[in-house]
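The following paragraphs go through one protein model, from its overall form to its ligand shells and its less usual backbone geometry. Please keep the sequence and the coordinates at hand while reading.

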Amino acid sequence: MTSTARTVEFSRDATNVFFHILTRCNLKCRHCYINPAQHGAADLSLTIIEAWLEIFAGRSPRANVIFLGGEPTLHPDLAGAIRAARRLGYASVTVDTNGYLFHDILDHVTPQEVDFFSFSLDGPDPAVNDPIRGRGSFAHCTAGIRAARRRGFRTSLIYTVSSDNIEALQRMPALLGELGVDRFFIQVIGIRGKSAERAGKEERLQVSKADWLAAVAPVARAVADLGITVTWPKVYLDPEEPFACAGRVADNFFIFPNGRVYRCPLCEDFPLHAFTIEGRRLVATGKINEADLFQLDIPEGCVMNRLIQPANIEYDAEGKPLHRIACCLLKEEISPR
Ligand code: SF4
Ligand code: SF4
C-alpha cells in the first residue's frame with residue numbers, strides 16, 4: 001500500500017469544541033495537563049452541558065465536539081451529553097478516554113451517535129505504558145479498544161511522545177495492526193500541568209528536533225501501510241513554510257468546568273483564557289488575554305511555545321533562531337491510499 005503525507009492547514013470553516021465536562025480522573029498520568037486550580041474541579045450537570053453545547057452550536061451549525069476530562073466516562077451523564085450534541089446538530093462527536101469506559105458507556109450509546117472513541121496509550125506494552133499512565137492501564141486500555149471494536153465503534157489511539165517513550169514508538173505499528181484501530185494520533189508532550197512541575201525540577205521531557213524527526217515519519221509510514229490514517233503535530237516549520245497561529249485563523253474552543261474557554265492549549269496553565277461562559281453567554285475576558293499574545297510576530301514562530309517551552313528552540317551564535325516552531329495545532333497527516 002502506498003501513502004502520502006500532507007500538512008493539514010487550519011480550516012476557517014470548521015469549529016472544534018474540546019469540552020472538558022469534568023476534571024476528575026481515576027488515573028494520575030505523569031504528563032497530565034489537567035490543572036484543577038486553573039480548570040475547576042466540578043462535574044458539570046447535564047443541564048449545563050446542554051446549555052454550553054447550545055452556545056457553540058449557535059456560533060457554528062456544523063461544529064465538531066470532543067468530550068474530554070479528566071476521564072469523561074466517569075461522568076454518569078456522558079451518554080446524555082452525546083445525545084444532546086447530536087440533537088443540536090454537531091457534525092461529529094468524539095469521546096477521548098483512558099480506556100476504562102466507566103458506567104458501561106458502550107452499552108448506552110451507539111456507533112451512529114459516537115463517531116470515534118479515542119483511546120490514550122503511551123507505550124506498546126505495559127513495561128513502557130504503565131510507569132507513565134499507571135499500573136494496569138495498558139491492559140484496561142487495550143481491552144477497552146477491543147470491546148469498542150466488537151460493538152462496531154470506530155476507534156483511534158493517541159500516543160504522547162516524550163523522553164519517557166520515544167524509543168518505544170517504533171514498536172507501535174505491530175500493536176496498532178493487532179488492535180485494528182482506524183486512526184493513530186502521535187502527540188508531543190507539552191510543558192503544562194504535571195509536565196510543567198516536572199520540568200521545573202529540571203527533568204528533560206521534550207525530545208530533541210533530531211530525535212523527533214527521526215522517529216515520527218518512519219513510524220507514521222509503517223502505520224499508514226497497515227491501512228491506518230496517522231496524524232502528528234508539525235512542530236518544526238520548514239524554512240519556506242508560512243507560520244500561522246490557530247488562535248488568529250481557526251475556530252477552536254477548549255472549555256473547562258469552571259467556565260473558562262481558551263483558544264490555545266498552551267495557555268491553559270494561566271488565567272489567559274479569551275472567554276468565560278456566564279449563564280448561557282460566551283463573554284470575552286478583559287486584557288491581557290491569550291488573544292493579545294496571538295498578535296505578536298516573533299522570529300521563533302509560536303509565541304506561547306517561546307514563553308513556556310523554549311527548550312525546543314535552537315539559536316545560532318548571533319542569537320537568531322535556527323528554526324521556527326509551528327502552532328501546536330498544525331498537523332501532518334498520512335492516509336493510506
Ligand atoms: S487519563 Fe487523561 S485526565 Fe486522566 S490522569 Fe491521564 S492524562 Fe490526566
Ligand atoms: S500554540 Fe502558538 S501558534 Fe498555536 S494558537 Fe497557541 S499561541 Fe497561537
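Two residues are in contact if their C-beta atoms, placed from the backbone, lie within 7 Å. The model is a predicted one.

The overall form comes first. The protein has twelve helices and 13 strands. Its radius of gyration is 19 Å, close to the 20 Å that the globule rule gives for 337 residues, so the protein is as compact as a globular protein of that length. Along the principal axes, the C-alpha atoms fill a box of roughly 60 × 50 × 40 Å. Of the 337 residues, 42% count as buried. Among contacts with a separation of 6 or more, 73% are between residues 24 or more positions apart.

The interior can be followed from its main core. The largest nonpolar core has 86 residues, and Val65, Phe184, Ile186, Ala220 and Val230 have the most contacts inside it. Take Val230 as an example. Beyond its neighbours within four places in sequence, Val230 is in contact with Phe184, Ile186, Ala220, Val223, Ala224, Glu333 and Ile334.

Helix α7 (172-179) shows how one element is packed. Its residues Met172, Pro173 and Leu176 are buried. These three cover an arc of only 95 degrees around the axis, which puts them on the same side of α7. An α-helix has 3.6 residues a turn, so residues three or four places apart point the same way. The cover over the buried residues of α7 includes β6, β7 (183-188) and α9 (209-224). Just after α7, Gly180 takes a positive phi of about 75 degrees.

On the other side in sequence, the loop between β6 (155-161) and α7 holds Asn165. Is Asn165 buried or exposed? Asn165 has 21 other C-beta atoms within 10 Å, and 20 or more are required for a residue to count as buried, so Asn165 is buried. Not counting residues up to four places away in sequence, Asn165 touches Asp122, Gly123, Val128 and Ile132. Pro124 is 41 residues from Asn165 along the chain, and their C-alpha atoms are separated by 9.4 Å.

Two ligands come next. Around ligand 1 are Cys25, Leu27, Lys28, Cys29, Cys32, Ile34, Gly69, Gly70, Glu71, Asn98 and Ser120. By class, this shell has five nonpolar, four polar and two charged residues. The shell around ligand 2 has 13 residues, of which Cys245, Gly247, Cys264, Cys302 and Cys327 come nearest. Two or more residues of that shell come from each of α10 (246-249) and α12 (303-308). The largest share, three residues, comes from α12. By class, the shell around ligand 2 has eleven nonpolar, two polar and no charged residues.

Gly69 and Gly70, both in the shell around ligand 1, also bring in the backbone geometry. Most residues other than glycine have a negative phi, and most peptide bonds are trans. The peptide bond from Gly69 to Gly70 is cis, with omega near 25 degrees. Gly70 lies in the loop between β3 (64-68) and α3 (78-87). A cis peptide bond also runs from Lys287 to Ile288, with omega near 0 degrees. Ile288 is in the loop between β12 (281-284) and α11 (290-294).

Gly69 also leads to Asp43: the two are 26 residues apart along the chain, and their C-alpha atoms are separated by 9.4 Å. Asp43 sits in the loop between α1 (36-39) and α2 (46-59). With 19 other C-beta atoms within 10 Å, Asp43 is partly exposed. Leaving out residues up to four places away in sequence, Asp43 touches Leu22, Arg24 and His75.

Which residues other than glycine have a positive phi? His103 has a positive phi of about 55 degrees, and Asp104 has a positive phi near 45 degrees. His103 is in the loop between β4 (92-97) and α4 (105-108), and Asp104 also lies in the loop between β4 and α4. His103 counts as partly exposed, with 14 C-beta neighbours inside 10 Å. Asp104, with 10 C-beta neighbours inside 10 Å, counts as exposed.

Technical notes:
Residues are numbered from 1 along each chain as its sequence is written. Chains are lettered from A and ligands numbered from 1 in the order in which they are written. This is a predicted model: local features need pLDDT of at least 70, side-chain atom pairs count only at pLDDT 80 or more; totals for chains, interfaces and linings use all residues. A residue is near a molecule or strand if its C-beta atom, placed from the backbone, lies within 6 Å of it. Ala, Val, Leu, Ile, Met, Phe, Trp, Tyr, Cys and Pro count as nonpolar, Asp, Glu, Lys and Arg as charged, and the others, Gly among them, as polar. Helices (H or I, at least four residues) and strands (E, at least two) are DSSP runs, numbered from the N terminus. A residue is buried if 20 or more other C-beta atoms lie within 10 Å of its own, exposed if 12 or fewer, and partly exposed in between; C-beta atoms are placed from the backbone. A nonpolar core is a set of buried Ala, Val, Leu, Ile, Met, Phe, Trp, Tyr and Cys residues joined through C-beta atoms within 7 Å. The arc is that of the directions from the helix axis to the C-beta atoms. The radius of gyration is taken over C-alpha atoms; the globule rule is 2.2 Å times the number of residues to the power 0.38.
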